[in-house]
Amino acid sequence: MRILISNDDGYLAPGISALADALSAIADIVVFAPDSNRSGASNSLTLDRPLSVQKAANGFHFVNGTPTDCVHIALAAMADALPDLVVSGINNGQNMGDDTLYSGTVAAATEAYLFGIPAIAFSQVQSGWAHVDSAARVARDIVERRFDKLELPFLFNVNIPNLPYDQIGPLTPSRLGRRHQAEPVIRAQDPRGRDIYWIGAPGACRDAGEGTDFHATAQGCVSITPLQVDLTHRGQLDLLRGIV
């Protein structure tokens, strides 16, 4: 089995190292990751400058671009031997609900899905890397399931509680929850007196009921959400057809 690994926290992040160590025991792995933290990059591609790829001492490849750039370049470079699976993470903090639209972790997996390759994005619920080795063991358990009965390609978003391995609950199929609007933008001034703005923290949960990823992880379980790329609002499409 061949696995391509990426992330959005950068090639030096503890999460990607733990994931690579766990998966190298069951697969041939290749790592292409950003040269620095690119959290919140979503599905952006770098089109205004050329990109470079370098190889670190640990064998990881790092790219001066976004997570999507990394996977795109890696798959183009590996065209003669494409991976069987692409995994992204382990992210430093949750990617649940609306966060998936902004997440570079999820975007890296999505790029593989657009190439027709099964992909899984892994995140820990809380930031700080507590019990990241346990999360990596969970990730390996999930990869080993193969999901052979599912239509290919699949795209999964997985969130893992920061708990010791033997305290983590079962894998729980979940839908995306919803958040409230983000906290207000923080306004400040730079040393020259010019206004600057910091994006506020994510808002509180609006929909965290049973069946959501928020609910599953709050119970100590691992949420797994199958994603799709089609954003079409089919209900409104039918209404639109009736009025135009």
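**Note on a predicted SurE-like domain model**

1. According to an unreviewed UniProt entry, residues 3–182 carry the annotation "domain: Survival protein SurE-like phosphatase/nucleotidase". The coordinates are those of a predicted model. Over residues 3–182, helix accounts for 26% of the chain and strand for 23%. The C-alpha atoms at the two ends of this stretch are 35 Å apart.

2. The next point is the overall form. The protein chain contains six helices and 13 strands. Its radius of gyration is 19 Å, close to the 18 Å that the globule rule gives for 244 residues, so the chain is as compact as a globular protein of that length. Along the principal axes, the C-alpha atoms fill a box of roughly 50 × 50 × 45 Å.

3. Burial and contacts can be read together. Of the 244 residues in the protein chain, 45% are buried. Among contacts with a separation of 6 or more, 75% are between residues 24 or more positions apart. The exposed surface of the protein chain is about 12800 Å², and carbon and sulfur atoms supply 52% of that surface.

4. Charge is a separate matter. The protein chain has 26 negative and 18 positive side chains. The centres of the two sets lie 3 Å apart.

5. Is helix 1 enclosed or open to the outside? Seven of its ten residues are buried, so helix 1 is largely enclosed by the rest of the structure. The buried residues are Gly15, Ile16, Ala18, Leu19, Ala20, Ala22 and Leu23. They pack against strand 1, strand 2 (28–34), strand 5 (85–91), strand 6 (119–124) and helix 4 (132–145). A general point helps when looking at any such helix: an α-helix has 3.6 residues a turn, so residues three or four places apart point the same way.

6. Helix 3, residues 104–114, has nine buried residues out of eleven, so helix 3 is also largely enclosed by the rest of the structure. Gly104, Thr105, Val106, Ala107, Ala108, Ala109, Thr110, Glu111 and Ala112 are the buried ones. The elements that cover them include strand 1, helix 2 (67–77), strand 5, strand 6 and strand 7 (155–160). Strand 1, strand 5 and strand 6 are thus named for helix 3 and also for helix 1.

7. Gly104 is a residue of helix 3 and has a relative accessible area of 0%, so it counts as buried. Leaving aside neighbours within four places in sequence, Gly104 is in contact with Asp8, Gly40, Ala41, Ser42 and Pro67. Gly104 and Asp9 are 95 residues apart in sequence, yet their C-alpha atoms are 8.5 Å apart in space.

8. Where does Asn7 sit? Asn7 is in the loop between strand 1 (2–6) and helix 1 (14–23). A loop position does not leave this residue open to the outside: Asn7 is buried, with a relative accessible area of 1%. Apart from neighbours within four places in sequence, its contacts are Ala13, Ile16, Ala33, Pro34, Pro67, Ser88 and Gly89. Asn7 and Cys70 are 63 residues apart in sequence and 8.8 Å apart in space, C-alpha to C-alpha. Pro67 is in contact with Asn7 and also with Gly104.

9. Some backbone geometry deserves a check by eye. Most residues other than glycine have a negative phi, and most peptide bonds are trans. The peptide bond from Gly89 to Ile90 is cis, with omega near -5 degrees, and Ile90 belongs to strand 5. A second cis bond runs from Leu152 to Pro153, again with omega near -5 degrees. Pro153 is in the loop between helix 4 and strand 7.

10. The loop between helix 4 and strand 7 also holds Arg146 and Phe147. Phi is positive in both: near 70 degrees for Arg146 and near 55 degrees for Phe147. Which of the labels buried, partly exposed or exposed fits Arg146? Arg146 is partly exposed, at 44% relative accessible area. Phe147 has 19% relative accessibility and buried means under 20%, so Phe147 counts as buried.

Terms used: Residues are numbered from 1 along each chain as its sequence is written. This is a predicted model: local features need pLDDT of at least 70, side-chain atom pairs count only at pLDDT 80 or more; totals for chains, interfaces and linings use all residues. Side-chain values use heavy atoms; hydrogens and water are left out. UniProt positions are given in the numbering used here, feature names are shortened, and annotations may be inferred rather than shown by experiment. Helices (H or I, at least four residues) and strands (E, at least two) are DSSP runs, numbered from the N terminus. The radius of gyration is taken over C-alpha atoms; the globule rule is 2.2 Å times the number of residues to the power 0.38. Buried means under 20% relative accessible area, exposed over 50%, partly exposed in between (1.4 Å probe, protein chains only). Contact means heavy atoms within 4.5 Å. Accessible areas come from the Shrake-Rupley method with a 1.4 Å probe; for residues, only the protein chains shown count as cover. Lys and Arg count as positive and Asp and Glu as negative; His and the chain ends are not counted. The place of a charge is taken as NZ of Lys, CZ of Arg, CG of Asp or CD of Glu.
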